[in-house]
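Let's take a walk through this structure together. Have a look at the picture first, and then we'll go through it piece by piece.

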Amino acid sequence: MEDDALPLDLCSQAVERALKLGADDAEAFASESLETDALIEINDVKLGRSHRRAGIGVRVFKDSRMGFSSTNDLTPSGLNRAVEEARSISNHSPPSPYNTLPEAAAATTLQGLYHPEVQRFALEEVVSKASEMLTTARGYSPRVTVDTGYFTATVEQCAVANSKGVGCEEKSGMFFWYILGMAREGQEVSSFDYQLGSSRTVSGIDVQSTALDFAHNVVGSLGAKRCESFKGSLVLAPYAAEQLLSPPLAWAISSNNAQKGRSRFRGRLNQTVSSEGLTLVDDASYIQATAAGSFDREGVPHSPLTVIEKGVLKTYLYNSYTGSKEGRRSTGHASGSWRSTPSVNPTNILVHEGSVSREEMISDVRRGVLVTRFSGFPNPVTGDFSGVVKGGYMIEGGEIVHPLKETLITGNVFDLLLKISSISKERKTIMSHVLPYIGLEDVSITSA
Amino acid sequence: MPPTIDLLRRVVESADSQYSEARYHCRRSVDVRVVKGELEEAKSEQYSGVGFRVLADGAWGFTSTSKTSPGDLERAIGDAVSMARTSAVAKRKRVAGLAEARLAVGRFQPPIDGPLEEHGVEEKVQLVVAAEKRVRERSSVITSASCHYDEMLDHKLIVTSDGAEAEVFDSKPEFIVTAVASRGGEIASAYRSLAVTGGWKDLFREKKPEDISDEAAALALKLIDCKRPRGERTTVVLDPGMVGQISHEAVGHTVEADFVLSGSVAKDRIGSRVASDLVTLVDSGPSHIAPHGAGTVLVDDEGVLAQTTTVIERGVLVSYLHNRETAEIFGVSPTGNARAFEYPDDPMIRMRNTLIEPGDLSFEEIIEEVRHGYLLKGPTGGQADANGEFMFGAQEAYLIEKGEVVDLFREVAISGQAFEILRGVDALSRDFRYDLGAGYCGKLQAAKVDAGGPFLRCQAIVGGLHGG
């Protein structure tokens, strides 16, 4: 880490400076980080990389008008210039009665976010982990081709201070790894697959399992056949659930989108939005997932929030601005970096486990498809989607019969939520998500 | 304070490596966004630092630092050398070397009329607020609008161990207005945008901000009453924006040499006929044919003088887009396509201004010969695969019957295989425009690009954007 001014000191200086320039209120968010990574490209190590980054973003309020400026020039003159620019923008931006900052509140400091061993992890070890992931995948079968991948060690210290007494700081560390590629046999090329992993400790690094899952998936999808178009069951593996269901859900539970009329959950509070089996919690205290932290972009303490309870929508996610529009407090979901003003986003999304095993879910399917990955862009506003099943398997009479190719699924995510028939006991952590297998009924499956 | 070019030279030469490169990049940006009368963003930013890239033992190392004292820079390049050497141990295939290139020495700046710094942030906030308001005031049917202005002012110093020594200035503003009309459950949205490499006067030379607001509003109001078309394979006339979209997304990415090496559809096709002999497709660093293309690059981020690269010449594939490493692999000269978005990004092969050269017909002559078909205008995004298959939306689709433009349809998509479409091109107009400069191209990192062309006639599948 850098040895000069700490992020929290910088934030306090910026807030003080803004008040001197006549601001009614001010806030600063700063972070510094050290990131080391090794990149893989086409079955080989491509590049070793390291970044030291630091920066600060300053929000200034004057007569209900807001200005924002950010810089990574952290010299006194660089900091001053950022504060002055934010102050100047605050003279001219349109006023809003909802421009407010949170008051200081007691936060519980989360344990286990940072282990010094992450910072001590040497470049040689980063390269060696990337290399181990690559050789494990290639060692599974000569048919495996790794297109891209990386292993990263990152340590970040972030801080936020405002003129209402907020002042907090936190250090976190994490290892991430990622592998993407396909299998080839003769002229046949399998579906792409990718797998991700993360850990906050050295002992939790398991690039081998990630590489083997990936290799198993791509080799398993060789010899794929088409199916006839039909309506049947869908078993979404955690990755597929993350790609298909999560983006529209994250969009729909944002208060900002609900207030602007672009969420399908607008006006649906305390109403049923999914099958009873679904309980969805936003939980920044779950440290194994990547979005863990004690406080949000505005310094509001995080606390676990049940968003959907047994199918019923219990709340939206708020930051201070959207909260103030409804005369309520932030739920601690201000998000973003020092480079932008706070937006609204989930932290870690956890779907509660169900009561059946993955095997039982498959054996209950008369005719359907197991989807390990989904490629397509669901429209977050309407929920409409049309996309390609990647790494899909045909299920008949409770048995996986063959891998699928050129198979499309279409429908509406919000309608699908009402068709959830089962949720598995097994769950997988994928970056900031903890997701089970999700069984759905009555889905249109089309052969392309 | 930026480091001096002499300091960068000294640091680059101190590295124990086969090749080393320093790139100081200071970006000052302004970003203002208003949605439905509410300010979503009003910010200014300075983001500066140095990225070092080093080739040692046949492997690459890259480091970046936002601190630019001699001590910080020496530490960073030392780290880059150890990154490279450590990677080399695990690397199977060493980097063969870097191709000879025309390296840039001196000061480079595109033409800029009306420096953006002379217009304060206040003026930009007021501009966006007024432009958005103007759209909503146009009609009660317009229920939402947004306006976005953003600009990037770049100052770079690029020094390489083999002789590049360039000071580069750049200025890229853009202005986008969106109008949303709703009536009886129907919603239609329309956008208009301006984007250039240049100054304030260049941005608003052909159209004023008010024109952009009025055009977006008028189009949304027109579209709300339009039907969606039935799907069919038919004759289409594409406007310069649609031609740009296909040139960039569906053709351009497949000829980036790194994609070629990983097996794109253009692999092993140099010298083959891939398009009708009317088609000459180029990717231009300096703004070819028309000035101020938003993707203009005079010197790339490896210090190579960016040129105009002919990719398809009269229908024959003649070149890929290269950096120095891929140029060496293919035994050709680098084309100046290595670009890094911000200082902590390592240079990758990216496009610049991608275009199809104009022909010699008038727009009227192109339409006149169409018995039945569509005129498609204004790309609205979509997707393209490494095999050249694509689907893009168009915001306006005019039915052409017996040589006359008749009805307007909306939410139209065009799909096909890029090279098949290009093989079927049978007419090109003599007008030319860049029209894909708003927004960014994403490929692990962002890049400002532009694309365009003339009006082009071909055969394609036209259908509704949302199934049907």
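The centres of domain 1 and domain 2 of chain B, taken over C-alpha atoms, are separated by 22 Å. Domain 1 of chain B covers 5–223 and domain 2 covers 232–464, with bounds that come from an automatic or database domain assignment. Before going on, keep in mind that this is a predicted model: local features need pLDDT of at least 70, side-chain atom pairs count only at pLDDT 80 or more, and totals for chains, interfaces and linings use all residues. As for names, residues are numbered from 1 along each chain as its sequence is written, while chains are lettered from A and ligands numbered from 1 in the order in which they are written.

So where do the two halves of chain B meet? Their contact takes 42 residues from domain 1 of chain B and 33 residues from domain 2 of chain B; two residues are in contact if their C-beta atoms, placed from the backbone, lie within 7 Å. On the domain 1 side, the elements giving two or more residues include strand 1 (19–35), strand 2 (38–56) and helix 5 (209–223) of chain B. Helices (H or I, at least four residues) and strands (E, at least two) are DSSP runs, numbered from the N terminus. Strand 2 of chain B gives the most to this side, with six residues. By class, the domain 1 side has 23 nonpolar, ten polar and nine charged residues. Here Ala, Val, Leu, Ile, Met, Phe, Trp, Tyr, Cys and Pro count as nonpolar, Asp, Glu, Lys and Arg as charged, and the others, Gly among them, as polar.

Now step back and take in chain B as a whole. Its secondary structure comes to ten helices and 24 strands, and its C-alpha trace spans about 70 × 55 × 35 Å along the principal axes. The radius of gyration of chain B is 23 Å, which agrees with the value near 23 Å that a compact globule of 468 residues would have; this radius is taken over C-alpha atoms, and the globule rule is 2.2 Å times the number of residues to the power 0.38. Of the 468 residues of chain B, 58% count as buried. A residue is buried if 20 or more other C-beta atoms lie within 10 Å of its own, exposed if 12 or fewer, and partly exposed in between, with C-beta atoms placed from the backbone.

For a single residue, try B:Arg107, which sits in strand 4 (residues 105–108) of chain B. B:Arg107 counts as exposed because it has 9 C-beta neighbours inside 10 Å. Its C-alpha atom and that of B:Val168 are separated by 5.9 Å, although the two residues are 61 residues apart along the chain.

Chain A is divided as well, into domain 1 (7–218) and domain 2 (225–448). The centres of these two domains of chain A, over C-alpha atoms, are 24 Å apart.

Finally, see how the chains meet: 40 residues of chain A are in contact with 39 residues of chain B. Strand 2 of chain A gives the most to chain A's side, with eleven residues. That side has eleven nonpolar, 18 polar and eleven charged residues. Strand 2 of chain A also pairs with strand 3 (residues 59–65) of chain B, in the parallel sense over six bridges; strands pair if DSSP finds at least two bridges between them. Look for A:Gly48, which stands opposite B:Gly61 in strand 3 of chain B.
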